[in-house]
Amino acid sequence: MDRPLLDLLLLPSWLIPVEPAGVLLKEHALGVLDGKITLIAPREEALKYQARQTLELPGRLLTPGLVNAHGHAAMTLFRGIADDLPLSTWLEKHIWPAEAKWVNEQFVQDGTELAIAEQIKGGISCFSDMYFFPQAACEQVHKSGIRAQITIPVLDFPIPGARDAAESLRTGVTLFDDMRHHPRLKIAFGPHAPYTVSDDKLENILILAEELDAGIHMHVHETALEVQQSLEQRGERPMARLARLGLLGPRFQAVHMTQIDDDDLELLVASNTSVIHCPESNMKLASGFCPVERLWQAGVNVAIGTDGAASNNDLDLLGETRTAAMLAKAVHGSASALDAHRALRMATLNGARALGLDEQTGSLELGKLADLAVFNLDGMGQQPIYDPLSQLIYAGGRTCTEHLWVGGKHLLDSGKLTRMDEERITHNARMWGSRIVGLTS
């Protein structure tokens, strides 16, 4: 039988496909042709195929590229600007004033470029972004080769790049049309939070999302205060309000969800809404704990995000995943809660599902896009290796990331960015930092 000439053949020590769940393959290979996975087979069988490039990867673990399901990419330029403050003070006294003063298209271009580079070096092949000047973010995604969901920011008050919500939505519809056929870009709507977006605007967003089959990405139940104020002002919890307005459903991406009662859980399950967990940001801002294990056991799709670097302070999704696994055990009171395989699934396939991309990416399956990450477990800190995935989640980190492909394109080669100028990006970030603290004009 004639075998096709592969573009790429990877020969790692271990391969975790994520789907089917809980599987670890030893001495298997993965082949790529035309940007898609076309072969997963034992090493001996795979070596019968010819490939334009073959990579021997001893001591390496091959997984799907990670999916960072929530963040504010350009806020990397505000990294560390207002640490150790509660959410309301952090937002109202520091972040919103800083954004009003500094955020423009160039800020978003440079900050997003920095975030993309940091994420690629950490094994992230796809991310969701919720920030101003979304067109500028799209340009950086296009140039870099990464995959992304870019959301259109909507608030009740003027924001950088839009005088009002109507202008934001017009921009969003235009951007959706422009990017409709882009192979790596997906446009969604990003109403900030229930307390910053009125009913009429949410209703408009729902109409547009249904017409365009677009996602809705929103901070929800981030703090107990948010829920309390909604009860006092509206007589209902934010989730109940969103359900009444018809927003909940498979396209809705509820970010944070640290406050969940029985009624909230019932709404999440009934509507098939995804939850995006951001444990480190929630802990740093003392916002609360998302009950991940309880959600998982109820059948809710739970993904994971880093949030922005201004409240985390890094875009290390592997570190975030370790934190999520540890925190789930403490919150649920069970050492078996959110084991390593489910933690990786949360950072890959569950994230892809939340963003509506699970038929394309998030797992290593024949026919899916070749979004691939290779992690080096040869380091002293990962020895000895009894379970490579446990070592990655509990003893590894983003510094283990060695290779990353998106759609079969090699974006990280032996730890080096292939399409981006790391030195220039770092220099730009330092210049922004100097401007923001007033060291230069």
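**Figure 1. Gly397 is a buried residue, with a relative accessible area of 9%.** The model shown here and in the other views is predicted. Gly397 sits in the loop that runs between H15 and strand S15 (401-406). Leaving aside residues up to four places away in sequence, Gly397 touches Leu318, Arg322 and Leu392. Gly397 and Gly319 are separated by 78 residues in sequence, yet their C-alpha atoms are 6.0 Å apart in space.

**Figure 2. Helices H12 and H15 cross at roughly 95°.** The two axes come within 8 Å of each other. With that crossing angle, H12 and H15 are therefore roughly perpendicular, since the class covers angles of 65 to 115 degrees. On the H12 side, the contact is made by Leu318, Thr321, Arg322, Ala325, Met326 and Lys329. On the H15 side, Leu392, Ile393, Tyr394 and Ala395 take part. Sorted by class, the residues of this contact are 7 nonpolar, 1 polar and 2 charged. Leu318, Arg322 and Leu392, which belong to this contact, are also the residues touched by Gly397 when those up to four places away in sequence are not counted.

**Figure 3. Helices H5 (residues 165-179) and H6 (residues 199-212) pack at an angle of about 10°.** Their axes are 11 Å apart. H5 and H6 are therefore roughly parallel to each other, as angles under 35 degrees are counted in that class. H5 contributes Ala165, Leu169, Val173 and Phe176 to the contact. H6 contributes Lys201, Asn204, Ile205, Leu208 and Leu212. By class, the contact of H5 with H6 holds 7 nonpolar residues, 1 polar residue and 1 charged residue.

**Figure 4. Cys278 and Cys290 are shown in a structure with 0 disulfides.** The cysteine sulfur closest to that of Cys278 belongs to Cys290 and is 9.1 Å away, too far for a bond. A disulfide would need the two sulfur atoms within 2.5 Å. Cys290 is likewise in no disulfide, its nearest cysteine sulfur being that of Cys278. Cys278 is buried, at a relative accessible area of 0%. Cys290 also counts as buried, with 3% relative accessibility.

**Figure 5. Two peptide bonds are cis, one from Asn312 to Asn313 and one from Gln383 to Pro384.** Most peptide bonds are trans. For the bond from Asn312 to Asn313, omega is near 25°. Asn313 is in the loop between strand S13 (302-304) and helix H12 (317-332). For the bond from Gln383 to Pro384, omega is near -10°. Pro384 is in the loop that lies between strand S14 (372-376) and helix H15 (388-395). The loops of Asn313 and Pro384 thus each have a helix of Figure 2 as one neighbour, namely H12 and H15.

**Figure 6. Phe133 and His221 have positive phi values.** Most residues other than glycine have a negative phi. Phi of Phe133 is near 50°. Phe133 is found in the loop between strand S7 (124-130) and helix H4 (134-144). With a relative accessibility of 19%, Phe133 counts as buried, the cut-off being under 20%. Phi of His221 is near 50°. The loop that holds His221 lies between strand S10 (216-220) and helix H7 (224-234). His221 counts as buried, at 0% relative accessibility.

**Figure 7. Pro58 is located in strand S5 (residues 51-64).** Among residues beyond four places away in sequence, Pro58 touches Leu11, Ser13 and Asp378. Pro58 and Arg251 are 193 residues apart in sequence, and their C-alpha atoms are 40 Å apart in space.

**Figure 8. Residues 62-409 carry the UniProt feature "domain: Amidohydrolase-related", from an unreviewed entry.** Over residues 62-409, the chain is 44% helix and 16% strand. The C-alpha atoms at the two ends of this stretch are 16 Å apart.

Technical notes:
Residues are numbered from 1 along each chain as its sequence is written. This is a predicted model: local features need pLDDT of at least 70, side-chain atom pairs count only at pLDDT 80 or more; totals for chains, interfaces and linings use all residues. Side-chain values use heavy atoms; hydrogens and water are left out. Axes are lines fitted to C-alpha atoms, for helices over the stretch in contact, and angles run from 0 to 180 degrees between N-to-C directions. Helices (H or I, at least four residues) and strands (E, at least two) are DSSP runs, numbered from the N terminus. Angles under 35 degrees count as roughly parallel, over 145 as roughly antiparallel, 65 to 115 as roughly perpendicular and the rest as oblique. Contact means heavy atoms within 4.5 Å. Ala, Val, Leu, Ile, Met, Phe, Trp, Tyr, Cys and Pro count as nonpolar, Asp, Glu, Lys and Arg as charged, and the others, Gly among them, as polar. UniProt positions are given in the numbering used here, feature names are shortened, and annotations may be inferred rather than shown by experiment. Buried means under 20% relative accessible area, exposed over 50%, partly exposed in between (1.4 Å probe, protein chains only).
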